[in-house]
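Trainee: Could you take me through one helix pair in close detail? I would like the setting as well as the contact itself.

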Amino acid sequence: MGTLGKRKENPKPAQGCSTAPKTALELKQISPCASHSNPAQITEFRIMMPLGHLAKGASLENLIETCLQSFDSEGNLCQNNQLLQITLTMHRVIIPSEDFSTYLDALENKSSGLCVKICYFVRYWITEFWIMFKMDSSLINTMEEFQKLVRANGEELHCRLIDTTQINSRDWSRKLTQRIKPNTSKKRKVSLLFDHLEPEELSDHLTYLEFKSFRRISFSDYQNYIVNSCVKENPTMERSIALCNGISQWVQLMVLSRPTPQLRAEVFIKFIHVAQKLHQLQNFNTLMAVIGGLCHSSISRLKETSSYVPHEVNKVFNEMTELLSSYRNYDNYRRAYNECTNFKIPILGVHLKDLISLYEAMPNYLEDQKINVHKLQSLYNHINELIQLQELAPPLEANKDLVHLLT
């Protein structure tokens, strides 16, 4: 777990707030072009599956045929299915879901074995990725059209394999609750007053809220962001950004609301201690919100307040701003983030920018209008890495009453 104690002994001090991180408020205006992002840098730590003959692209028919080879004659997966996962999860980025030509060709050629495999393929899609159908009504409509097509050709057995009614029967929790240790601490009266909360307690509960919000972001949410280049009509991402903005604004308010420079300095110092705890928890997103709030011009221009902040606290503050600086495409943050193991919460804005950068850097199609499978794989790996982080609960306990009041 990364701590300040593991950083170099004589870090280059930040020049005031000139190298301060872009605040959480700027997440709403992330540039879709991400012109300074380097796709090679983004994918450096991701292991790529060998694509073989698909590395130079594939037609939709070839891609589907390769996926069909993942199933045996009884519809069971019989080999590594990463390409199958990539195709089914990333289909809407560049692959039309309404293309039924492969099935129709198999019917015309009286290839019943291939027809059945196609239906196994669709059944797997519906049963394993049903949340994507829940979130995309057009996908359900497409599958219902396919089902009608199959029935119209007299293939009732095939029709039963691609039954779409099961989608609505599934319980869709959308990860609204998170797995976290039950509160075992001594019951006490919870106060809303910032003064009554220790930095560790405050950082724990902010991390609880952050993780709860982060867990709700689905694969489809990330895809929608890629396609639309914004969070409009993407409520889970909007809520996540709103939480980050709210924390940043709250930090500013807590400092500025104190009547004297000395009292404002005390709040500033306390938030630096909160930031240290957030760093130890590897919660980079809330860390960005807190430091971003402290770097706001309304606080940085309070010279008299700054005079009451000890040198060692300013040193930590400068280390934090350097860690989160956007210099060289957040190079310091990326290095620290990739060195972290176990539970961690990334800076969402940086990784959303990476997704757009990857999407814009590579064409959807290669020569002869072949699908760029490498692009699908790169986007899939980047999103999947973020999704996998949702399975690691934070190493902390939360007082539910305090969580409610903070919310």
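Mentor: Here is the overall setting, then the helix pair, then two residues elsewhere in the chain.

Bear in mind that this is a predicted model. The chain has 21 helices and zero strands. It holds 407 residues, and 52% of them are buried. Take the contacts with a separation of 6 or more: 78% of them join residues 24 or more positions apart. The chain exposes about 19,900 Å², with carbon and sulfur atoms supplying 50% of that area.

Next, the interior. The largest nonpolar core counts 105 residues. Met 90, Tyr 222, Phe 271, Leu 287, Ile 291 and Leu 294 have the most contacts inside it. A second core of six residues is separate from it, and includes Tyr 208, Leu 209, Leu 396 and Val 403.

Now the pair: helix H12, residues 235-256, and helix H14, residues 284-294. Two numbers describe such packing: the angle between the helix axes and the distance between them. For H12 and H14 the angle is about 35°, and the axes lie 8 Å apart. The crossing of H12 past H14 is right-handed.

Which residues of H12 and H14 meet? From H12 come Cys 244, Ile 247, Ser 248, Val 251, Gln 252 and Val 255. From H14 come Asn 285, Thr 286, Ala 289, Val 290, Gly 292, Gly 293 and Leu 294. By class, this contact has seven nonpolar residues, six polar and no charged. Leu 294 thus appears in two places: it meets H12, and it is among the residues with the most contacts inside the largest core.

Now Leu 263, which sits in helix H13, residues 261-280. Is Leu 263 buried or partly exposed? It counts as partly exposed, because its relative accessibility is 30% and the buried class ends under 20%. Along the chain, Leu 263 and Tyr 308 are 45 residues apart, while their C-alpha atoms are separated by 9.1 Å.

Last, Tyr 337 in helix H18, residues 327-339. Its relative accessible area is 2%, so Tyr 337 is buried. Setting aside neighbours within four places in sequence, Tyr 337 is in contact with Phe 284, Lys 344, Pro 346, His 351, Glu 385 and Leu 389. One of these contacts, Phe 284, leads back to the pair, since H14 covers residues 284-294. Tyr 337 and Asn 283 are 54 residues apart in sequence, yet 9.8 Å apart from C-alpha to C-alpha.

Conventions. Residues numbered from 1 in each chain as written. Predicted model: local features only at pLDDT ≥ 70, side-chain atom pairs only at ≥ 80, totals over all residues. Heavy atoms only, no water. Helix = DSSP H or I, 4+ residues; strand = E, 2+ residues; numbered from the N terminus. Buried < 20%, exposed > 50% of the residue type's maximum accessible area, 1.4 Å probe, protein only. Contact = heavy atoms within 4.5 Å. Areas by Shrake-Rupley, 256 points an atom, 1.4 Å probe, with all protein chains shown as cover. Core = buried A, V, L, I, M, F, W, Y, C linked by side-chain atoms within 4.5 Å. Axes fitted to C-alpha atoms, helices over the stretch in contact; angles between N-to-C directions. Left-handed = near helix turned anticlockwise from the far one by under 90°. Nonpolar A, V, L, I, M, F, W, Y, C, P; charged D, E, K, R; others polar.
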